Structures are given as structure tokens and as C-alpha cells.
Amino acid sequence: MRKIGVIDIGSNTMHLDVFEVTARNDVRKIAWKTAVNKLGHHLDAASIIPQEQIARALSDLEELYEFALKYRVREFVCFGTSIVREAKNARAFIDAIKRRLRMHVETMSSHAEADAIERAARHYERLSLKNTLVVDIGG
């Protein structure tokens, strides 16, 4: 059975979800953990994440990574949303993650992010395809 860790690096929090995937591709969430980092709150006027916030975020990511390893996760999917799209030093942040955790970070477009949120809302809330408005307020 495969174990996959999915990490969402957001402007306010970083979320880790751990999934089991069976040979028949059935997927079940078995664990989750959140780190509140408020990276977006610390952007300066030039849209730069301060170095001390990057260091804190890296420590938080390392903690999420170690948590996932307790569940024998060997595969990770990591994506960044608005903070990674908007910060002018996002590339340095992503490179630091790659160096420290050997993890690739995919930057999710705003459209892909909205689509994923809608699909998740429909799945978890069993929403119909008609007469439904899904609003993501962020953070």
C-alpha cells in the first residue's frame, strides 16, 4: 500500500494530509497536520518574504515532513498557492525547500487552486452540480 503526503503551502497555513492508496487506487486520508505560519502577513511593501519567516516556514515544513515519515510516507506532493505566486522571492523560498527537504514544490495557478477547492467542496459536502456557489475566503 502506497502512502502519499500532500503539502499545501498557503499564505496563512501549511497543511499536510497523509493518504493511503490501495492497489485498486482507493484513497483514504489517514492523518493530517497543520502549521500556522502567516507568511502572507509578513510580506513587505515590495512583496518580499522576510528571511526570518522563510527560516520559520522551513522549520514548520521539516516538522510536517517528519510527521509524515511516522506514517511511512515515501512520496510527497507539495504545492504553493498565492504566497508562492505573489512573493518576489518565492524562487529562493522554493529552492531552500528543495535543498533542505529534497522536495519539489509546484506553483498552483489561481485557476487550478479555485478548481481544486470547488472539487473538494463538492466531494466532501456532497454538493450538487446545480445551484451551488463555492467561495474561498483564503487564509
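These are my notebook entries on a predicted model.

**Overall layout**

I started with the secondary structure and counted four helices and five strands. Reading along the sequence, I get the pattern β-β-β-α-β-α-α-β-α. Of the 139 residues in the protein, 35% are buried. I also looked up how far apart in sequence the contacts reach. Taking contacts between residues at least 6 apart, 59% join residues at least 24 apart.

**The sheet**

In what order do the strands sit in the sheet? I read S3-S2-S1-S4-S5, an open sheet of five strands with mixed pairing. S3 (27-36) and S5 are at the edges and have a single partner strand each, so one side of each lacks a neighbour in the sheet. From one strand to the next, the twist averages 20°.

Next I checked how S1 meets S4 (residues 75-80). The two run parallel and are joined by six bridges. Looking for the partner of Ile-4 in S4, I found Glu-75. A reminder to myself: strands of a sheet pair through backbone hydrogen bonds, either parallel or antiparallel.

Then I looked at what covers the strands. H1 lies across S1, S2 (13-21), S3 and S4. Its direction is at about 155° to S3.

**Helix H3**

I wanted to know whether H3 is regular in length, so I did the sum. At 1.5 Å a residue, its twelve residues (90-101) should span 16 Å, and the end C-alpha atoms are indeed 16 Å apart.

Which residues of H3 are buried? My list has Ala-90, Phe-93, Ile-94, Ala-96, Ile-97 and Leu-101. Looking down the axis of H3, I see these buried residues fall within an arc of 155°, so they line one face of the helix. That spacing fits the usual rule: an α-helix has 3.6 residues a turn, so residues three or four places apart point the same way. On the face turned away from the buried side I found the exposed residues Arg-91, Lys-98 and Arg-99.

What do the buried residues of H3 pack against? I noted strand S1 (2-9), helix H1 (51-69), helix H2 (82-86) and strand S5 (105-107). Just after H3 comes Arg-102, and I marked its phi as positive, near 55°.

**Salt bridges**

How many salt bridges does the whole structure hold? My search found seven, and I followed up some of them.

Arg-2 pairs with Glu-75, with the closest N and O atoms 2.8 Å apart. Arg-2 is in strand S1 and Glu-75 in strand S4, so this pair ties together parts 73 residues apart in sequence. Glu-75 is also the bridge partner of Ile-4, as I noted under the sheet. Both ends of the salt bridge are partly exposed: Arg-2 has a relative accessible area of 41%, and Glu-75 has 33%.

Lys-29 and Asp-17 come next, with their side chains meeting at 3.5 Å, N to O. This pair links Lys-29 in strand S3 to Asp-17 in strand S2, twelve residues apart. Lys-29 is partly exposed at 35% relative accessible area, and Asp-17 is partly exposed at 22%.

Last I looked at Glu-20 with Arg-28, where the closest N and O atoms are 2.8 Å apart. Is Glu-20 buried or exposed? I have it down as buried, because its relative accessible area is 14% and the cut-off for buried is under 20%.

Conventions
Residues numbered from 1 in each chain as written. Predicted model: local features only at pLDDT ≥ 70, side-chain atom pairs only at ≥ 80, totals over all residues. Heavy atoms only, no water. Expected span 1.5 Å × (residues − 1). Buried < 20%, exposed > 50% of the residue type's maximum accessible area, 1.4 Å probe, protein only. Arc of directions from axis to C-beta. Contact = heavy atoms within 4.5 Å. Pairing = 2+ DSSP bridges. Axes fitted to C-alpha atoms, helices over the stretch in contact; angles between N-to-C directions. Salt bridge = Lys/Arg side-chain N within 4 Å of Asp/Glu carboxyl O.
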